[in-house]
Amino acid sequence: MKDEVRAFVIAQLQDMNYDTDGIDDDTTLGPAGVDLESLALADLSVRVEDRFGVRFSDDESEQLALMTVGEFTAEVAGRVAQQV
């Protein structure tokens, strides 16, 4: 599941016109990494929520910006697993 989530996240970043060359599991979503601003992070979260049926609260947005791609995909995969 984690690989599926990661592939989806990378595809969505490409669709949002972010350069995904060199992005790995240690790349942060926020500053010094992918550099998603709050609106872009919200957009990515909504896309993930729609695709995988998970939810992120408004309070989690700051935490998401600090996560790496690997941490984010693991979090989503974990939430999907809890729903089954």
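**Entry 1: α1 against α2**

I began with the pair α1 and α2, whose axes come within 11 Å and cross at roughly 135 degrees. I noted α1 as oblique to α2, because an angle counts as oblique when it falls outside the roughly parallel, roughly antiparallel and roughly perpendicular ranges. The crossing in which α1 passes α2 is right-handed. I then listed the residues that make this contact: from α1 they are E4, V5, F8, V9, Q12, L13 and D15, and from α2 they are L44, R47, V48, R51 and F52. Sorted by class, the residues of the contact of α1 with α2 come out as seven nonpolar, one polar and four charged. I keep in mind throughout that this is a predicted model.

**Entry 2: α1 by itself**

I next checked the length of helix α1, which covers residues 2-15. Its 14 residues, taken at 1.5 Å a residue, should span 20 Å, and I find the end C-alpha atoms 20 Å apart, so the expected and the computed span agree.

Which residues of α1 are buried? I find V5, F8, V9, I10, Q12 and L13 on that list. As a reminder to myself, an α-helix has 3.6 residues a turn, so residues three or four places apart point the same way. The buried residues of α1 pack against α2 (38-52) and α4 (69-83), and V5 and V9 belong to the contact with α2. Just after α1, I noted that N17 takes a positive phi of about 70 degrees.

**Entry 3: α1 against α4**

For the second partner of α1, I looked up the packing with α4, and the angle is about 125 degrees, with the two axes 9 Å apart. That angle makes α1 oblique to α4, and the crossing of α1 and α4 is right-handed. The contact is made on the α1 side by K2, V5, R6 and V9, and on the α4 side by V69, G70, F72, T73, A74, V76 and A77. By class, I count this contact of α1 with α4 as seven nonpolar, two polar and two charged residues.

I followed one residue of this contact, T73, which has its place in helix α4. Is T73 buried or exposed? Its relative accessibility is 0%, and T73 therefore counts as buried, the cut-off being under 20%. Leaving aside neighbours within four places in sequence, I find T73 in contact with K2, V5, R6 and V9, and these names also make up the α1 side of the contact with α4.

**Entry 4: the loop between α1 and α2**

I picked D19, which is found in the loop between α1 and α2. At 58% relative accessibility D19 counts as exposed, because the cut-off for that word is over 50%. I also looked up the separation of D19 from V34, which lies 15 residues apart from D19 along the chain, and their C-alpha atoms are separated by 7.9 Å.

**Entry 5: α2 by itself**

The same length check on α2 gives agreement: its 15 residues should span 21 Å at 1.5 Å a residue, and the end C-alpha atoms are 21 Å apart. The buried residues of α2 are A40, L41, L44, S45, V48, E49 and F52. What covers these buried residues? The cover includes α1, α3 (61-66) and α4. After α2 comes G53, and I noted that the phi of G53 is positive, near 75 degrees.

By way of contrast with the buried list, I looked up L39, whose place is in helix α2. With 71% relative accessibility, L39 counts as exposed. The C-alpha atoms of L39 and A77 are separated by 23 Å, and the two residues are 38 residues apart along the chain.

**Entry 6: α2 against α4**

I closed with the pair α2 and α4, whose axes come within 11 Å and cross at roughly 30 degrees. Because angles under 35 degrees count as roughly parallel, I recorded α2 as roughly parallel to α4. α2 passes α4 in a right-handed crossing. The contact is made by L44, V48 and F52 of α2 together with F72, V76, V80 and Q83 of α4. By class, the contact of α2 with α4 has six nonpolar residues, one polar and no charged. I noted that L44, V48 and F52 are also named on the α2 side of the contact with α1.

Conventions
Residues numbered from 1 in each chain as written. Predicted model: local features only at pLDDT ≥ 70, side-chain atom pairs only at ≥ 80, totals over all residues. Heavy atoms only, no water. Helix = DSSP H or I, 4+ residues; strand = E, 2+ residues; numbered from the N terminus. Expected span 1.5 Å × (residues − 1). Buried < 20%, exposed > 50% of the residue type's maximum accessible area, 1.4 Å probe, protein only. Contact = heavy atoms within 4.5 Å. Axes fitted to C-alpha atoms, helices over the stretch in contact; angles between N-to-C directions. Parallel < 35°, antiparallel > 145°, perpendicular 65-115°, else oblique. Left-handed = near helix turned anticlockwise from the far one by under 90°. Nonpolar A, V, L, I, M, F, W, Y, C, P; charged D, E, K, R; others polar.
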